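Work through the exercises below with the coordinates open. Each task is followed by its solution.

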Amino acid sequence: MASLVGGFQDLQYITALDLRKLDKLIVQVRNVTVRGYTFRVCGLNPDTLYNIKLRNRYLGPESPWSPWSNTLQGQTAPSVALPFWRQVKQTSRTGWRNVSLLWKPLPHFLVNGRVLFYNVTCRTKNAQVLRDHGSCRDLHLNSTSCSLYIPAGRCSCTLTVSTSAGESQEAQMWLRGADETEPPPVSNISLLPLDDNRLEVSWLPAVDPAISSFVVEWLAVRDDNSSILYWGKLNASCSMMVIKEGIKAMERYSVSVRALYGERGAGKDMTLNVYTRQGTPSAGPNVVEHHISGSSVYLRWSRVPVELLHGFISHYTLYYTSRNQTTHSVTVPREFHNHTLQNLSPGTYSIFMRAHTVAGAGAAGPQVSVHIRSEETPVVMYAVVSYVMSFLVLVLMVCLARTKTVKQKLCHDVPDPSNSSMSHWNPKATLEDVKQLVMLEKPVIKYSQVVSFASSPTSLSYNLFRHKTTSSPPPNPRTGSAALSVLMII
């Protein structure tokens, strides 16, 4: 729909409209009665270039037609700024941030022409233009995002769209410094599924006059991080938004709301997870045998991928059965990822698990086989007792070795007088006793001599050679008493 100037005020006239699309005649309007300066033409297609010419004449039958006007193109520059947002992906140790700038194309009725290109400019707080434009240089007309590195300080980025009729207003966004504190979050966010493909998110109205707008973000939660980020920007007077884009049943979504505080940047986000409708899990946990001890088995299981859950887990059920026995089950709270089965009879068991949501039990997970042996408990006990006894024997040997070493260092050997050579010496022995002793023992001696020294001048000597004895006359006892002082055997 377009408004066209058609004539002079307070006069009635007929206007002929020549409307062409791509130099081809589409429609020609005649005999249009016009009052005032404008009239409307409907049925035009968006993103289409039209050439328009007008001519007028008065209502009277004698009035001639005016010459055709100059060709007009029904385009004007966009009168609004584009929705503009950012996503901080990574921050380096020096504070530089890898930022993705996001925007949404204007609706057809606001573009007012054919889009030529987008222009992004980022500046520091001191209005210095960043030279590194990253992928934000020479943006194509179909672009909706670009990435670049932003320094650690506070920065601002602006976005404009250029059409065949001119450039749009600037959309500006501030990024707080890496060392600045995040502004406060919104209050009391809530989510309400309207149907399988619609979701209502609401929050308390803004009370801080510094809040300039709100941003709502949502994406599907997946383990492979392949989700597309959706977002919407609303003015400060809004406190509710209905999400319609990218929503489907039995898929988990993470929804967050942020408040924008002008130059202070975006506030802290408030995030909730939601399903529009829950289903049963399409896969079960993968149970793994971790340890067997006697008649008990310790089990662990991995988390089911979130895209296969189709709902929030309420609890798990662990099933186990052996040959010719009924199947037993154990309910495990959703917070646990391990469990111990106790008092199992000897045999081979098949074990598997199911995850449950409010919609019911999911598919069974892979089975694992566990064998419980009858001698498992005695073997374990013997192993433990053997280990303890070996340890005690080793400690005892170490203690004994240390005790013997200490004794050797502190207590030296004391000579035993009873084993000395002097213990057999009898100073009162007579010569007859000595002679009898020599004759009784009869030692095999080549040379032997016994010499006796007395205090008197008289001496007694016995010489033995080849077992023959030579003696001198015995001493006269009157001359004095002879005493044997030294006895030597050579």
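**Exercise 1.** Find the bridge partner of Trp 85 in E8, then place both strands in their sheet.

Solution. This is a predicted model.
- Step 1: Trp 85 is bridged to Leu 102 of E8.
- Step 2: E7 and E8 run antiparallel and are joined by seven bridges.
- Step 3: The open sheet has three strands in the order E7-E8-E10, paired antiparallel.
- Step 4: E7 and E10 each pair on one side only, which makes them the edge strands.
- Step 5: On average, neighbouring strands here are turned by 25 degrees against each other, direction ignored.

**Exercise 2.** Which residues of the largest nonpolar core touch the most other members?

Solution.
- Step 1: The core holds 30 residues. Leu 101, Trp 103 and Val 120 touch the most other members.
- Step 2: Strands supplying at least two core residues each include E7, E8 and E9.
- Step 3: Take Val 120. Leaving out residues up to four places away in sequence, its contacts include Leu 101, Trp 103, His 133 and Leu 159.

**Exercise 3.** Examine the salt bridge between Arg 303 and Asp 223. Why does this pair tie together parts that are apart in sequence?

Solution.
- Step 1: The N to O distance is 3.5 Å, and the cut-off is 4 Å.
- Step 2: Arg 303 lies in the loop between E22 and E23, and Asp 223 in the loop between E16 and E17, so the pair ties together parts 80 residues apart in sequence.
- Step 3: Check accessibility. Arg 303 is exposed at 51%; Asp 223 is partly exposed at 39%.

Definitions and conventions. Residues numbered from 1 in each chain as written. Predicted model: local features only at pLDDT ≥ 70, side-chain atom pairs only at ≥ 80, totals over all residues. Heavy atoms only, no water. Core = buried A, V, L, I, M, F, W, Y, C linked by side-chain atoms within 4.5 Å. Buried < 20%, exposed > 50% of the residue type's maximum accessible area, 1.4 Å probe, protein only. Helix = DSSP H or I, 4+ residues; strand = E, 2+ residues; numbered from the N terminus. Contact = heavy atoms within 4.5 Å. Pairing = 2+ DSSP bridges. Axes fitted to C-alpha atoms, helices over the stretch in contact; angles between N-to-C directions. Salt bridge = Lys/Arg side-chain N within 4 Å of Asp/Glu carboxyl O.
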